[in-house]
Structure formats: structure tokens, C-alpha cells
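Work through the exercises below with the model open beside you, and try each task before you read its solution.

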Amino acid sequence: MRKLVMMNVLLIVVLIFGVLMICPTSDAADKEIVVGFSQIGAESAWRVANTESIISEAKKHPNIVLKFSDAQQKQENQIKAIRSFIAQGVDVIAFSPVVETGWTPVLKEAKRAGIPVILSDRAVDTDDDSLWVTFMGSDFVEEGRRAANWLVENYERLKNPDKSMDVINIVELQGTVGSAPAIDRKDGFEEVLAKYPNFKIIKSQSGDFTRSKGKEVMEAFLKAEGKKIDVLFGHNDDMAIGAIQAIEEYGLKPGKDIIIVSIDAVRGAFEAMLEGKLNVTVECSPLLGPQLFQAVQDLMAGKELPRRIVTEEGVFPQEVAAEVLPTRKY
Ligand code: AHR
């Protein structure tokens, strides 16, 4: 009898050990991981959706503790936040850099402390690529190209019949000065337009990715160029929506007298397209939370991450707005 009990105990021990061996990941997944995330701010609907994606996804991972910091559009605040994450000894630092340059010293501090850094949404400009492990987000140059390609392919069909094709005057609302999306979208847009010399950018200024600044700068463009303006290229939807208001106040019809191309594909852009006031939006997805925390889990489990994780995105012209709007998540 005693022998039988011993045999059963042995069998149970072997079974438990076996289960633990089959599920080695449960150990890694249970280990607490502290992630410090420095967000730029809340300048646009895109950014608000990005923050929501990060915070809500973190809650789905019971082993992740998220320390979230809002820099209110200031690089100095992001640097302070990163230094504070280093001082707290977090396991991983992730951030969306407001501008491209000026990060090397603080990233070197993170490296010295042995804390891996993930770039989310925007890249940094540094000579030392060992300062970050992966960069996840959109291809901003490609977004600029997509905006320009759509414009050259569709302008003639959509333009006000009084307008000529000899010279097409474009005004450009750039994003935050020195930011990766502002630099790259401009580059991609201009790269395509170089092949179409009748499409000319006559004014280009930053609207800082905000609706209010977009309106203000568009008012100045209208004051200077008035009815000469044929096209508005907005580096994001929020600025384009602000500009739509300025165009209406000036007495012109947005989407008809001035063709409007913008980037992000937030719900507000679809609403504007349904009203016929915006012609196309190029998608830039802010839903980076799932990718980010998967990368964090993989990194902490010792897996190698790809250096670049590019988000898949589309282009949504006015004609598909009604069908697509109900499916939009941001
Ligand atoms: O980095 C992504 C850009 O930042 C979005 O296009 C813009 O809306 C945001 O503020």
C-alpha cells in the first residue's frame, strides 16, 4: 500500500514537472516588466488615439507595469522623463520622439544603464544605431509619395472647371518643425512632384500638427495668395480640418475650389469627406499598442527583434468615405 502511495506521489511530481517544461513561456510571461513610455503630447486626434492604444493594450498584459509620461510637445520634457525612467531602473524605455535630433546623450545614458530603447511612431537621427533596438511605425516618406501620387492622378478630374492645368498652385501645411513625419512627408511629396513641373508648391509653413495652427496658417496663405491656391497638402488631418474652416470663412468651397489632400485617416477626416470638404486622406495608423507590447514581451523573453517594424496602411479618397467610416477605430 505504502509503495502504491509513493508511486502515485512520484507520478504527480513527474506530471507537474512535465507541464512546467511544456509551458516555459508562462514563466517569462509572469515576470513583471516595467515599461517607461514618453509620449509627445496630445496635439492631434491621431496622438490621442495612439495614447489610448498604448494605455489600453498595456492593461491586457498582466505582467506589464506602464509608467506613462506626457511631454506636452517639449523635447526637454521627454529627455527629463527618459532620465527619470533610467533613475527608476525600468526594464524597457519606449518613446515617440517629438523631433529627430538631440537624443544621442540621453540614449547613451540608457545604454550605459543597460535599458533597451524602443522607438514608437517616429525615428531619431543619431550616428549610433546601437542606441535603440527597434523602430516601429509608419513609413512617412511613402505617405508623402502616396499623397502626391493621388493628387497628380486625380486633380484634373476633380478640379473646379475654371482652373487650368498649366500651373497648379499648392500650399503645404507642414507638421512640427524638425519632426520625422514633417521632414519625411515633405520629402516623399516633393520626390513625386519633381516629375510633374506644373504642380508647384507656392507656400509651405508649419501648422505644428494642430487644428488651431492649421487654421491660422491657412488664413495667412489665403491672405497672401487668395484664389490662386488650387491645392492644400496638409501633413495631418487636424491641420487640414482647421484649414477647411479658414477656407470657408474666406468664402471658398473646400474640396471644390481648393482640392485638399491630408494624412492620418482619423474619423474627423472621414466626416469632412462625407461633407465633400476633404478629397483624400492617406492612412497613418496610431494603433501601435499591440505591436509595442508584443515587442516588449519578445525582447524580455530574449528574442531578437527586427530593426524596423513597418505599419501596413491604405489611401482613402472621398468616394469610399461612407463605406469605410463605420469601420474606423480612431
Ligand atoms: O507622428 C505621427 C504624426 O503625429 C501624425 O500624423 C500627426 O497627426 C501626429 O501628431
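## Exercise 1: A loop residue and its surroundings

Asp121 has its place in the loop between strand S4 (117–120) and strand S5 (134–137). Keep in mind throughout that the model is predicted.

**Task.** Decide whether Asp121 is buried or exposed, and find out what sign its phi angle has.

**Solution.** Begin with the accessibility: Asp121 has a relative accessibility of 3%, and since buried means under 20%, Asp121 counts as buried. Next, turn to the backbone, where the phi of Asp121 is near 80°, a positive value in a residue other than glycine. Finally, look at what lies around the ligand, because that step links this loop to the next exercise: Asp121 is one of the residues there.## Exercise 2: The ligand and its shell

**Task.** Which residues surround the ligand, and where does the ligand sit?

**Solution.** First list the shell, which consists of Glu43, Ser44, Trp46, Arg47, Asp121, Arg122, Phe140, Pro181, Arg185, Phe209, Asn236 and Asp264. Then ask which helices contribute, and you will find that helix H3 (45–59) and helix H7 (180–193) each supply at least two residues of this shell. As a third step, examine the polar contacts one at a time. A polar side-chain atom of Glu43 lies 2.4 Å from an oxygen atom of the ligand, an N or O atom in the side chain of Ser44 is 3.0 Å from an oxygen atom of the ligand, and a polar side-chain atom of Asn236 lies 2.9 Å from an oxygen atom of the ligand. On its own the ligand has 280 Å² of accessible area, and the protein covers 100% of that area. The last step is the location itself: the ligand sits in the largest cavity.

## Exercise 3: Helix H9 and its two ends

**Task.** Check whether the length of helix H9 agrees or disagrees with the expected span, and describe what is found at its N-terminal end and just after it.

**Solution.** Helix H9 covers residues 237–250, which makes 14 residues, and at 1.5 Å a residue it should span 20 Å. The C-alpha atoms at its ends are 20 Å apart, so the two values agree. At the N-terminal end, Asn236 acts as a cap, with a side-chain oxygen 3.4 Å from the backbone nitrogen of Asp238; Asn236 also belongs to the residues around the ligand. Just after the helix, Gly251 takes a positive phi of about 100°.

To complete the picture, consider how H9 is covered: ten of its 14 residues are buried, and among them are Asp237, Asp238, Met239, Ala240 and Gly242. Gly242 also has a neighbour from another helix, for Lys213, which is found in helix H8 (residues 211–225), lies 7.5 Å away from Gly242, C-alpha to C-alpha, although the two are 29 residues apart in sequence. Lys213 itself, at 31% relative accessibility, counts as partly exposed.

## Exercise 4: Helix H7

**Task.** How many of the residues of H7 are buried, and what does its end-to-end distance come to?

**Solution.** Take the distance first: H7 has 14 residues and reaches 20 Å from its first C-alpha to its last, which is close to the 20 Å expected at 1.5 Å a residue. Then take the cover: ten of the 14 residues are buried, so H7 is largely enclosed by the rest of the structure. The buried residues include Pro181 and Arg185, and both of these residues are also found around the ligand.

## Exercise 5: Three further loop residues

**Task.** For Asp208, Asp91 and Leu287, state where each one lies and how exposed each one is.

**Solution.** Asp208 lies in the loop between strand S7 (199–206) and H8, and with a relative accessible area of 32% it is partly exposed. Its phi is near 55°, again a positive value in a residue other than glycine.

Asp91 is placed in the loop between helix H4 (75–88) and strand S3 (92–95), and with a relative accessible area of 22% it is partly exposed. The C-alpha atoms of Asp91 and Pro105 are separated by 19 Å, and these residues are 14 residues apart along the chain.

Leu287 is found in the loop between strand S10 (280–283) and helix H11 (289–300), and its relative accessible area of 33% makes it partly exposed. Leu287 and Asn50 are 237 residues apart in sequence, yet their C-alpha atoms are 5.7 Å apart in space.

Conventions:
Residues are numbered from 1 along each chain as its sequence is written. This is a predicted model: local features need pLDDT of at least 70, side-chain atom pairs count only at pLDDT 80 or more; totals for chains, interfaces and linings use all residues. Side-chain values use heavy atoms; hydrogens and water are left out. Helices (H or I, at least four residues) and strands (E, at least two) are DSSP runs, numbered from the N terminus. The expected span of a helix is 1.5 Å times one less than its number of residues. Buried means under 20% relative accessible area, exposed over 50%, partly exposed in between (1.4 Å probe, protein chains only). A polar contact is a pair of N or O atoms within 3.5 Å; within protein, one must be able to donate a hydrogen and the other to accept it, and residues adjacent in sequence count only if both atoms are side-chain atoms. A residue is near a molecule or strand if one of its heavy atoms lies within 4 Å of it. Accessible areas come from the Shrake-Rupley method with a 1.4 Å probe; for residues, only the protein chains shown count as cover. On a 1 Å grid over the protein atoms alone, a cavity is a set of points where a 1.4 Å probe fits but cannot get out, and a pocket is an open set with protein on both sides within 12 Å along at least five of seven lines; lining residues have an atom within 4 Å of a point. A molecule sits in a cavity or pocket if more than half of its atoms lie within 2 Å of its grid points.
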